[in-house]
Amino acid sequence: MSSETSAPVRRGRAASVRRWVRRRGWTAGVWLLLLALIGWYTTLIPEFGEFEITSIAKNSLPSVYLALAQGVVVISGGVDLGAGGLMVLSNSTAAALMEGQPPEVTVLIALAVVAGAALLNGFVGWVIAVSRIPDIVVTLATLFIFTGVALMVLPSPGGGTSGQLRYAFTGSTTGIGTNFGPSLIAIAVPTLLFAAWLTRTRTGLSIYAIGSDDHAAYLSGVRVVRAKVTAYATGGGFAGLAGVALTAIANSGDPRFDNAVNGTLNSLAAVVLGGILLGGGVGSVVGAAGAGIIFFTLSPILTAMGIDPNTAQVVRGGVIVAVMVVAGLLQLRRWRTQ
Amino acid sequence: MSSAADRDEMTEASDAVGRTALLSAREVTKRYGSVPALAGADLTIRPGQIHALLGANGAGKSTLVKILAGVLPADGGTVELRGVPVRPKRPADAFAAGVATVFQDPTFAPDLTVDRNLRLAGIDRGRFAGWADRLRLGGLDLDAYARDLPLPALRLLDLARALAHDPQLLVLDEITAALPGDQVDLVFSVMTHWRGRDRSVLFITHRLREVLRVCDEATVLRDGRTVATVVPGEGGERRLVEPMLGEVVAQSAAGAAEVPAVPDRPSERPEGAVAALEARSLTSREHLRGVSLRVHAGEIVGVVALEGQGQDRLFDVLSGNRPFDGGELVVGGEPVRPRSPYDLVRKGVVLVPADRLHALLPRQSLHDNLASALYNRFSRWFSLAADEQALVGRTVARLAIDTRAQRQVRRLSGGNQQKVAVGRWLTAGFRTLLCFDPTRGIDIHTKEQLYQLLRELAGDGAAILYYTSELTEVPLVCDRVLVMYGGVVVQELPAAAADEATLLSAAHGLQEVA
Amino acid sequence: MTETETSVRDDRAGARPAEAGWAGYLSERPLLVLGAVLALLVVVTVAIEPGYLSVRGVRNTLLLAAPVGILAAAQTVLMLTRGIDISVAMVATLAGYVVGSQAGTGLAYSIVVGLLVGALIGAVNGVGVGVFRVHPLIMTLAMSAILLGLLSQWAPTIFRGVTAVPPFLRTVGGGSFAGHLIPYNALVWAAVAVVVILGLRRSGLGRMIYAVGDNPTAARLAGVREWQVLLVVYAISGLLAAVAGVLIAGQVGSVDLRLAEEFLLPSVAAAVIGGTSLFGGVGSYSGTIFGALILGVLNTMLTFLNATQAMKQVVFGVIVLGLAWAYAAAQRRTG
């Protein structure tokens, strides 16, 4: 009787496949694109082996972590221009403190840096939630501040870390090698755990909910400020992890402002290509992580093709605009068909 | 379910109620800035009672609900639940204290699935499933995104979720407005079942018939105060309406006397006269199923309908704010297919939207607001109109707008804001005015000014299409009236025949018997 | 005096009162506060370095503030429409390159081409934001990346390694007159300021910029086609960025890929400090001018204090945050 008002009922198999494609298709597509790109890359260079896999995996770690950091904040309906700054600050701090320390101490420092970054960015999230200053302004300011402090901590590139910490991220105590296991684990485990936390716990879902419709979320009992702070804090934690990974990969810290700005830009690009909608509530951090690696692999591929690697910038920009245009048109269509 | 004897007992024992009450709110006050919304409201709900909260627009109902639900803090007064003072700081606190509210707007996050929305709120799945079955949502796909669900399903989901909180007090704010009849019955059966478990329901509605049907007691608010507690059924609807309206009835009667009656105009027009605005079988998704209407220069055509009969979409389409799917829109004899409101504004068809916030530039000055429609085309971008001052001055004078708080129009009173919404078209000029419920929530004096203004405009040759949610306005303002139901115009009446009863029955889709 | 005015307003019925007291008075007149902050900063700077008010101090401050002020004009106009332009620095750099490479074919010609290129790129941003509804931050960020990629390739090829800037531009960008008191670029800034301020206040476009930013729905229903406004506004932003780029190139004396990089964040900061809201519809270029001057004086002061670049960044960041918070609070009090 009331079938017209009481909505979609459970569907058949074909419909649920279609639904899976519609919901996870973008994320799956991003990873397929990545595999295709790498597959193509193997045909472009004379030799593709464990060394190349290790190289791609370990060097894309900071982009992956930063994409996760930006991803959670964008899902919550915000944006974090300071993420790159926090990565640089963590990188510099870790490198300055770890130099010459025994392995156990460097691990403790790494944990402390990640926790500190989470606390710091959680405070940023609190400022945004409470002051109602636009997030762009607040995080632009934190981009200034974080990089400034990074320069104070480590006035010029330098510092170091322990071989053991390097091993954890790169698979080798010297940072160079063919053992790709640890790097792949370092990509996969945090990404999947984080995605599961976001979509399966009440706290994680509350981050999606405030990005989707913060008023509705508030009315259904979500503590909006707390969720916002959690989003920025976890994002900060991943930015800190990106900084630690950078320290491990390079065995040094680099406080330059450029690194911070590039980090932020790359993370935003990854989030957009990864299918996380600016405005919040939609998308998966898994897609963002894949997109982070894609943008990282563009340069070597272009180089292998004999094209100026600077074209990677152009491609990155073009892809972002294309994705956003498509998203904009889809949204317009949805509005029109309501 | 409760007998008449029960009811008598209730009213007599109203003093004792304070101790045994499930919810007892005393002298609750709340101000927004300098505007009082609640000036000492009392509400007592006994266990096992369905209690109605009534009042005209702006009486403070929704403010009181928000305070009970923890959305807003009260400025003063006390709220006790089973004798324990409660002061929820946020909705989560209210749930925990035993008050679950179904708000007017859906509270499922649109981009999450139903299932995840439930997990988000920490809902016991078994309990939810029980209530969902009872509300005939058993077949609902829990893995569907909330945004893909139709509004009635969302309302029932909200209700099932609220029930799954297992609250002492269930607050239902206008839940029946968006529901078709069979689902309203479901809601009522759940409400009575809830009462049977010695829990209570606070029911907010505009439909007095529903109050008579299910409520045991009703609290009436007026101007932020509790003015009466009545037992529905004793004296029918009238008993409920009187305290709601209070002096307004007298005022509006007096006001009606001042406004001259609609002059008798020949209802036949010359054959083949070109309508200022004509819709021919307009369709738009499920909202409009073929609307045809004509508005001629010099007349005010009223539109009345219950909530959600497609009137919003009709005005959206007629103003060019949304494209239509089928049919024809004809302006001054020429068919148009507008891509944006601009295409119709150029042809003189302009909209005063329902929500004043859609018509105002809240942080701009009065002057800039009134002049805003002058500069919508490229050719006028590079200077200011030479006669801007004069045009705006004329509008201010004609509308008698209070110009004191003119730095930012968001500081103007509601009535003055509504004048600005109309005023920007007086400045820029128009041929056809689409007015959507312009008098909602404004004071009686401004209302009369608006009636007067619209009549003058029509006298000057404007064509006006006027939707109103207040049926009593129709004979005061309109020449004839169209009744919409289910996305089509079901009836047309001359204003003289459009008394409230006739309009209401037509608006419910009941054809005239005579 | 302030109390009588506001309390009289309170007593009148029909109008909701403005915020009473000095806080309300000041929040209605942010320029007064900004002027006071600027004066205070100048006083502090003089206390630190008594020679500041001499010729060189003022000249240096203006020299630095002018390009920031012009770029901030672009940000102000965009922020009024709820937008932002991250690509201004790259557009400015591109304009520097174009002017440098075309200078051989005539100075006036090269400047016109440079400015046109800037406006064109701005217009492309405008199409993205206005027509395809791409988020301004993302659109201009992507544009920035594209320009950087292209310039990196073109700098050694199409622009044939241009590095030098014609002498005339070096004078306009870095020279000064009136006994070395006022730099020429401040003159350009003044001209830009007059056009922007008058344009915002006294043109239909200016009205529509505020309208679109304040309430896009109301603007749409008034017949405004938002995309047209945005297209024009982003083109203007590109044009202003190009003007600033030419001045910066002249000041530096040469062009390189990172020519205007350091001006991007101050351009946003100046607009924010000047009280323009990123939520649109509120603000003015007069405020931004104060913002640019405040940043300029602050920079000079910190230099006198031997502050490192790191210190300056932290101080700028904290000040932007603090003032933005103050504006947000004032907005809420009066809202």
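Start by selecting the contact between the two chains of this predicted model, to which chain B brings 44 residues and chain A brings 35 residues. With both sides shown as a surface, you are looking at a junction in which chain B and chain A bury about 3500 Å² between them, with 54% of that area on carbon and sulfur atoms.

Next, look for charged pairs that cross from one chain to the other, of which the rule finds 3 salt bridges across the interface of chain B and chain A. To see one of them, select B:D141 together with A:R19, whose closest N and O atoms lie 2.8 Å apart in a salt bridge. If you then turn to polar contacts across this interface, there are 8 residue pairs to find, both residues of each pair being at pLDDT 80 or more.

Now keep only the chain B side and color its helices, since the elements giving two or more residues to the side that touches chain A are α4 (91-97), α5 (114-120), α7 (151-164) and α8 (181-196) of chain B. Coloring this side of chain B by residue class instead gives 21 nonpolar, 9 polar and 14 charged residues.

The second half of the tour stays within chain B. Color this chain by its domain assignment, in which domain 1 covers 4-98 + 167-246, domain 2 covers 248-348 + 430-514, and domain 3 covers 361-429.

Select the boundary between domain 2 and domain 3 of chain B, where 14 residues of domain 2 are in contact with 13 residues of domain 3. These two domains of chain B bury about 1200 Å² between them, and 68% of it is on carbon and sulfur atoms. Which three residues should be highlighted on the domain 2 side, as supplying more of the area buried against domain 3 of chain B than any other three? They are B:V345, B:F430 and B:L453, which supply 35% of the area that domain 2 buries there.

At this same boundary, the rule finds 2 salt bridges between domain 2 and domain 3 of chain B. Show the side chains of B:E456 and B:R398, which meet in a salt bridge at 3.5 Å, N to O. For polar contacts across the boundary of these domains, the rule finds 2 residue pairs, both residues at pLDDT 80 or more.

Finally, select α13 (341-345) and α17 (444-459) of chain B, each of which supplies at least two residues of the domain 2 side that touches domain 3. The largest share of that side, 6 residues, comes from α17(B). Colored by class, the residues on this side of domain 2 of chain B divide into 8 nonpolar, 2 polar and 4 charged.

Notes: Residues numbered from 1 in each chain as written. Chains lettered and ligands numbered in written order. Predicted model: local features only at pLDDT ≥ 70, side-chain atom pairs only at ≥ 80, totals over all residues. Heavy atoms only, no water. Domains from an automatic or database assignment. Contact = heavy atoms within 4.5 Å. Buried area = accessible area lost by both parts, 1.4 Å probe. Salt bridge = Lys/Arg side-chain N within 4 Å of Asp/Glu carboxyl O. Polar contact = N/O pair within 3.5 Å; in protein donor to acceptor, adjacent residues only side chain to side chain. Helix = DSSP H or I, 4+ residues; strand = E, 2+ residues; numbered from the N terminus. Nonpolar A, V, L, I, M, F, W, Y, C, P; charged D, E, K, R; others polar.
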